[in-house]
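The following exercises concern strand pairing, burial and nonpolar packing. Each task is followed by a solution in steps.

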Amino acid sequence: MATTKKKGIDMISHVNVRMYRMGTGDCFILKFFTGETNNTFTMMIDCGTWRQTDDHKLATYITDLKAFVGKTPIDVLVITHEHKDHVYGFEVCEDLFLNDPDFTFKEIWMGWPENDNADDKVKEWKRDYGQRKKALKLAAQRLTAIVESDTEKRKLKKCLMGWISYKFVSILLLL
């Protein structure tokens, strides 16, 4: 495969994409090439899993990821957002990321809501969003307590029994 040039700049000829399926989550490595073998840019996107996974299993994925990347620094690490299925691997395999001088990142890009130095509008949004998130969690806890109470269980049972009786009578009338 020949390298394509545009105004003296080598154009990307192809991209190798590797997805690590560590459970329900995301972790991608993209290697951009000019020509057959010239890896000119490497990007990592997220590293997470939603499901609780054994630390040694995640370490196996990260070790393979590091071997795939090699000793060349990753140009950009992109963290799309704060959810566990996008960042949990960094927490569990912290030593594999931080204590290897051959595994580095030139830049880290994070979704703007996670930027602590954001402008006033973003800070206000984060504060309001956090308050709404807390209120929603409290409401969910209260609803769960109500639904799981003995009184509500009896009401639900009575309602279901009434519905079942109605359906049973309806079927008998059709016979």
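**Exercise 1.** Determine whether strand E4 is mostly covered or mostly open, and identify the strands with which E4 pairs.

*Solution.* The model is a predicted one. Step one is to count burial: E4 spans residues 28–34, and 6 of these 7 residues are buried, so the strand is mostly covered, a residue counting as buried when its relative accessible area is under 20%. Step two turns to strand E3 (residues 14–19), which pairs with E4 in the antiparallel sense over 6 bridges. In this pairing, Arg18 stands opposite Ile29 of E4. Step three considers strand E5 (residues 38–45), which runs antiparallel to E4 and is joined to E4 by 7 bridges. Here Phe28 stands opposite Ile45 of E5. Finally, the hairpin of E4 and E5 has 3 residues between the strands, and in this hairpin Gly35 takes a positive phi near 80 degrees.

**Exercise 2.** Follow the strand pairing from E5 onwards through E6, stating the sense of each pairing.

*Solution.* Begin with E5 and E6: these strands run parallel and are joined by 3 bridges. Ile45, which stands opposite Phe28 on the E4 side, stands opposite Val78 in E6. Next, E6 pairs with strand E7 (residues 105–110), again in the parallel sense, over 5 bridges. Leu77 stands opposite Ile108 in E7. As to burial, E6 is mostly covered, with 6 of its 6 residues buried.

**Exercise 3.** Describe the largest nonpolar core: which members touch the most others, and which elements give two or more residues to it?

*Solution.* A general expectation sets the scene: in soluble globular proteins, nonpolar side chains tend to be buried together. The largest nonpolar core holds 19 residues, and the members touching the most others are Ile29, Met44, Cys47, Leu65 and Phe97. Two or more residues come from each of helix H1 (55–69), strand E6 (74–79) and helix H2 (84–92). Of these elements, H1 gives the most, with 5 residues. A separate, second core has 5 residues, including Leu30, Phe32, Met43 and Val76. To examine one member of the largest core, take Leu65: leaving aside residues up to four places away in sequence, Leu65 touches Tyr20, Cys27, Ile29, Met44 and Phe103.

**Exercise 4.** Locate the nonpolar surface patch that includes Ile164, and explain why Ile164 counts as partly exposed.

*Solution.* The patch is formed by Leu156, Leu160, Met161 and Ile164, which together have about 380 Å² of accessible area. Ile164 is found in helix H5 (residues 150–174). Its relative accessibility is 44%; because partly exposed residues lie between the limits of 20% and 50%, Ile164 belongs to that class.

**Exercise 5.** Place these details in the chain as a whole: how many helices and strands are there, and in what order do the elements run?

*Solution.* The protein chain has 5 helices and 7 strands. From the N terminus on, the order is β-β-β-β-β-α-β-α-α-β-α-α. Of the 175 residues, 25% count as buried. The accessible surface comes to about 12900 Å², and 59% of this surface belongs to carbon and sulfur atoms. Lastly, among contacts with a separation of 6 or more, 56% are accounted for by residues 24 or more positions apart.

Methods. Residues numbered from 1 in each chain as written. Predicted model: local features only at pLDDT ≥ 70, side-chain atom pairs only at ≥ 80, totals over all residues. Heavy atoms only, no water. Buried < 20%, exposed > 50% of the residue type's maximum accessible area, 1.4 Å probe, protein only. Helix = DSSP H or I, 4+ residues; strand = E, 2+ residues; numbered from the N terminus. Pairing = 2+ DSSP bridges. Core = buried A, V, L, I, M, F, W, Y, C linked by side-chain atoms within 4.5 Å. Contact = heavy atoms within 4.5 Å. Patch = residues over 30% accessible without salt bridge, like charges linked within 9 Å, V, L, I, M, F, W, Y side chains within 5 Å. Areas by Shrake-Rupley, 256 points an atom, 1.4 Å probe, with all protein chains shown as cover. Salt bridge = Lys/Arg side-chain N within 4 Å of Asp/Glu carboxyl O.
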